[in-house]
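User: I am new to this structure and would like the reasons behind some of its labels. Please go through them with me.

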Amino acid sequence: MAVATLRRERIDLPIDRVPERWYNVIPDLPRLPDDYLDSATQEAAGDAYMERLVATPLVRQDASLERWVPIPPDVLQAYRMWRPTPLFRAHELEKHLDTTARIYFKYEGGSPTGSFKLNTALAQAYYTKLEGHRRMVTDTGAGQWGSAIALAGALLDLEVLVFMVRASFHHKPYRRHLMETYGATVHPSPSSETDFGRRTLAERPDHPGSEATAVSEALEIVRGDESSRFALGAFSNYVLLHQTVIGLETREQLDLAGEDPDYLVGSVGCGSNFGGFTLPWVADKLDGREVELVAAEPEACPTLTQGEYRYDFSDACGTGPSVRTYTLGHDFVPPPIHAGGLRYHGSAPIVGLMHNEGLVNAVAYPQTEVFEAGRMFARLEGFVPAPETAHAIRAVVDIAQRARKDATICFCFSGHGLLDLGAYGEFAAGRLDDVAPYRPGQNGTGS
């Protein structure tokens with residue numbers, strides 16, 4: 001009886017090859033991102049406005065025109081807890097799809113918190129501590145970001161307060177427990193802890209929450225406490241900057257494998273994973289290199305595929321900065337899906353600008369197709385992807401079936417799904433259904 005051969009191809013970098021600089025794409029973009037606007041005046045938000053919300057070095061990085069930004073030695077040392085991360089070739093997936101394309105994935109699930117989010121959490125905590133602040137306040141959807149900032153706060157002796165989207169707070173209790181294990185205080189959003197939360201619950205007691213409601217609550221706390229600063233898991237330019245360690249490592253690893261990627265694929269809620277993975281190729285693409293950047297998002301919250309490119313508020317109650325990017329409307333409340341990290345109404349300004357300039361292609365998928373792709377990948381390659389990550393895998397399946405012969409496809413495995421097994425269990429039992437796809441003009445869950 002013949003036994004199938006399981007092929008495993010892994011490209012590693014030595015520990016001294018962790019990038020020592022972040023790559024800033026802004027100097028290489030076709031144009032500069034539009035200014036943030038003060039929510040009250042709708043005029044350009046000055047440094048004083050932004051510095052009241054986040055640490056000053058982060059404000060400087062957000063607007064920097066320097067192509068390379070040195071990584072502080074303490075942050076670099078912390079990265080070496082798990083970086084560089086491996087690049088794998090997905091031989092079994094290739095065989096299953098009967099494709100001549102070569103498929104690689106950058107595995108970010110090996111960080112202490114299980115996802116790519118720690119790359120920016122450590123940097124933000126470092127700069128917040130450097131300025132002498134006491135506490136970081138943040139929002140989180142599925143909890144990957146909340147877990148990362150909770151650990152970063154513990155390592156740097158900072159208090160952490162997290163407003164977790166209510167639907168995910170109940171659907172993903174183990175992520176909440178992980179945050180609390182690291183010492184964070186976690187509230188479901190909307191909550192009774194803020195004026196905005198109380199008003200929202202009074203109007204709709206069963207409100208499932210959204211990233212935008214959680215941002216509103218976090219900002220209210222920060223504005224009321226001078227010793228607190230807001231921590232962003234995505235959206236801002238500096239968050240994508242910090243995440244470029246992913247793409248910089250991937251470039252070197254693909255070079256070692258003798259590969260030149262034709263497709264780079266990442267899941268998108270707001271865009272930090274996708275941006276961090278793909279930005280190091282943008283200058284090449286603008287110079288004529290044929291590489292397709294593919295963003296995969298949920299049909300329930302299809303910001304890039306169905307949103308409008310315009311100014312909109314970054315939070316639900318309109319007290320945060322107004323930003324020009326793709327948006328479904330700051331008052332849009334996506335229906336609860338298990339990919340809770342992809343339920344933000346707007347994309348990161350840089351990702352929105354790139355999409356508007358024709359540098360990014362976006363696709364959207366229903367929940368059941370995403371979970372089927374995630375389960376298939378786990379059975380073939382052994383790694384269980386987070387529901388967010390499974391969106392990228394679903395896109396890879398489509399690309400592999402239409403790609404030219406011998407194309408090279410690489411995607412970012414942004415986080416593991418070991419704390420999402422309850423959702424996989426629901427899917428296996430046939431109890432996980434698709435939610436209604438977004439309809440233009442939709443506002444709220446199904447209304």
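The questions and answers below concern a predicted model.

User: Why is S267 called buried?

Analyst: S267 has a relative accessibility of 5%, and buried means under 20%, so S267 counts as buried. Its place is in strand β10, residues 263-267.

User: What makes the link between S267 and E388 a polar contact?

Analyst: The side chain of S267 reaches the backbone oxygen of E388 at 3.3 Å. The cut-off for such a pair of N or O atoms is within 3.5 Å, so the distance qualifies. S267 also touches other residues, including N273, F274, A296 and S414.

User: How do you know that C301 is in no disulfide with C270?

Analyst: A disulfide needs two cysteine sulfur atoms within 2.5 Å. The sulfur of C301 is 10 Å from the closest cysteine sulfur, in C270, and therefore too far for a bond. A search of the whole structure finds 0 disulfides.

User: Are C270 and C301 buried or exposed, and why?

Analyst: The relative accessible area is 8% for C270 and 1% for C301. Both values are under 20%, so both residues are buried.

User: Which residues of the lining of the second largest cavity are charged, and what makes them so?

Analyst: The lining includes R310 and D312. Arg and Asp count as charged, so these residues belong to that class. The lining divides into 4 nonpolar, 5 polar and 2 charged residues.

User: How many cavities of 30 Å³ or more does the search find, and what is the volume of the second largest?

Analyst: The search finds 2, and the second largest has a volume of about 50 Å³. Strands β12 (308-313) and β13 (322-327) each give two or more residues to its lining.

Key: Residues are numbered from 1 along each chain as its sequence is written. This is a predicted model: local features need pLDDT of at least 70, side-chain atom pairs count only at pLDDT 80 or more; totals for chains, interfaces and linings use all residues. Side-chain values use heavy atoms; hydrogens and water are left out. Helices (H or I, at least four residues) and strands (E, at least two) are DSSP runs, numbered from the N terminus. Buried means under 20% relative accessible area, exposed over 50%, partly exposed in between (1.4 Å probe, protein chains only). A polar contact is a pair of N or O atoms within 3.5 Å; within protein, one must be able to donate a hydrogen and the other to accept it, and residues adjacent in sequence count only if both atoms are side-chain atoms. Contact means heavy atoms within 4.5 Å. On a 1 Å grid over the protein atoms alone, a cavity is a set of points where a 1.4 Å probe fits but cannot get out, and a pocket is an open set with protein on both sides within 12 Å along at least five of seven lines; lining residues have an atom within 4 Å of a point. Grid points are joined across faces, edges and corners, and a volume is the space filled by probe spheres set on the points. Lists of a residue's contacts leave out its neighbours within four places in sequence.
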